[in-house]
Amino acid sequence: MKTAEQIILRPVITEASTEDAMLGRYTFEVAVDATKPEIRQACEKLFQVKVLKVNTQNLEGKLKRVGQHLGRRKSWKKAIVTIDLDPKATSYLAKGGEKKTINRKYKTEIEEFGLSL
């Protein structure tokens with residue numbers, strides 16, 4: 001079992017990912033063998049946010065040439081994590097028909113996104 005720090009390797013900071021961050025979508029480089037549920041749990045543990053959706057992409061390393069030598073960069077996996085920007089209280093019926101509510105105390109942004117992990 002991998003730890004959250006081993007699953008989420010670093011944020012991917014580009015022009016597009018910075019614009020998406022304003023909408024609650026954050027982009028990370030993750031371990032190649034990480035699954036969507038593992039990525040969700042790691043984000044919730046590291047950043048104390050409620051994750052709504054996880055989209056992943058497997059990216060193949062680019063071919064690069066240095067003089068005569070041809071090589072390939074490493075392949076990597078990218079995860080786009082959508083967080084809940086408006087956590088609302090949830091209510092449910094308890095035993096005996098009693099209505100209970102739970103206030104959700106989640107962050108609505110990841111402040112550390114601009115910093116290195």
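This is a tour of the structure shown above, moving from the whole chain to a few selected side chains.

Begin with the entire protein in view, bearing in mind throughout that this is a predicted model. With a cartoon drawn by secondary structure, you should find three helices and eight strands, and if you follow the chain from its start, these elements come in the order α-β-α-β-α-β-β-β-β-β-β. Turn the model along its principal axes, and the C-alpha atoms will be seen to fill a box of roughly 75 × 30 × 20 Å. The radius of gyration fits with that picture, since the protein has 18 Å, whereas a compact globule of 117 residues would have a value near 13 Å.

Next, switch to a surface and colour it by element. About 8300 Å² is exposed, and carbon and sulfur atoms supply 51% of this area, while 27% of the 117 residues count as buried. If you prefer a contact map, consider the contacts with a separation of 6 or more: residues 24 or more positions apart account for 54% of them. Colouring by charge brings up 23 positive and 15 negative charges, whose mean positions are 5 Å apart.

Now turn to the charged side chains in detail. Side chains of opposite charge can pair when their charged atoms come close. The structure holds five salt bridges, and the tour visits some of them.

Select Glu29 and Arg10 together, and show their side chains as sticks. They meet in a salt bridge, with 2.7 Å from N to O. Glu29 belongs to strand E2 (residues 25-30) and Arg10 to strand E1 (residues 8-11), so the pair ties together parts that are 19 residues apart in sequence. The two partners also differ in their surroundings, for Glu29 is buried, at a relative accessible area of 7%, whereas Arg10 is partly exposed, at 43%.

Keep Glu29 selected and add Lys74, with which Glu29 forms another salt bridge, the closest N and O atoms being 3.6 Å apart. Because Glu29 lies in strand E2 and Lys74 in the loop between strand E5 (69-72) and strand E6 (76-83), this pair ties together parts that are 45 residues apart in sequence. Lys74 counts as exposed, with a relative accessibility of 59%. With these three residues displayed at once, you have a network of salt bridges that links Arg10, Glu29 and Lys74.

Then select Arg25 and Asp20, which form a salt bridge whose closest N and O atoms are 3.1 Å apart. Here both residues are partly exposed, Arg25 with a relative accessibility of 29% and Asp20 with 22%.

For the last stop, leave the salt bridges and move to the backbone at Gln48. Where along the chain does Gln48 sit? Look in the loop between helix H3 (36-47) and strand E3 (51-59). A torsion readout will give a phi near 55° for Gln48, which is a positive value in a residue other than glycine. On the surface view, Gln48 appears partly exposed, with a relative accessible area of 41%.

Methods:
Residues numbered from 1 in each chain as written. Predicted model: local features only at pLDDT ≥ 70, side-chain atom pairs only at ≥ 80, totals over all residues. Heavy atoms only, no water. Helix = DSSP H or I, 4+ residues; strand = E, 2+ residues; numbered from the N terminus. Buried < 20%, exposed > 50% of the residue type's maximum accessible area, 1.4 Å probe, protein only. Rg over C-alpha atoms; globule rule 2.2 N^0.38 Å. Contact = heavy atoms within 4.5 Å. Areas by Shrake-Rupley, 256 points an atom, 1.4 Å probe, with all protein chains shown as cover. Lys, Arg positive; Asp, Glu negative; His and termini not counted. Charge placed at Lys NZ, Arg CZ, Asp CG, Glu CD. Salt bridge = Lys/Arg side-chain N within 4 Å of Asp/Glu carboxyl O.
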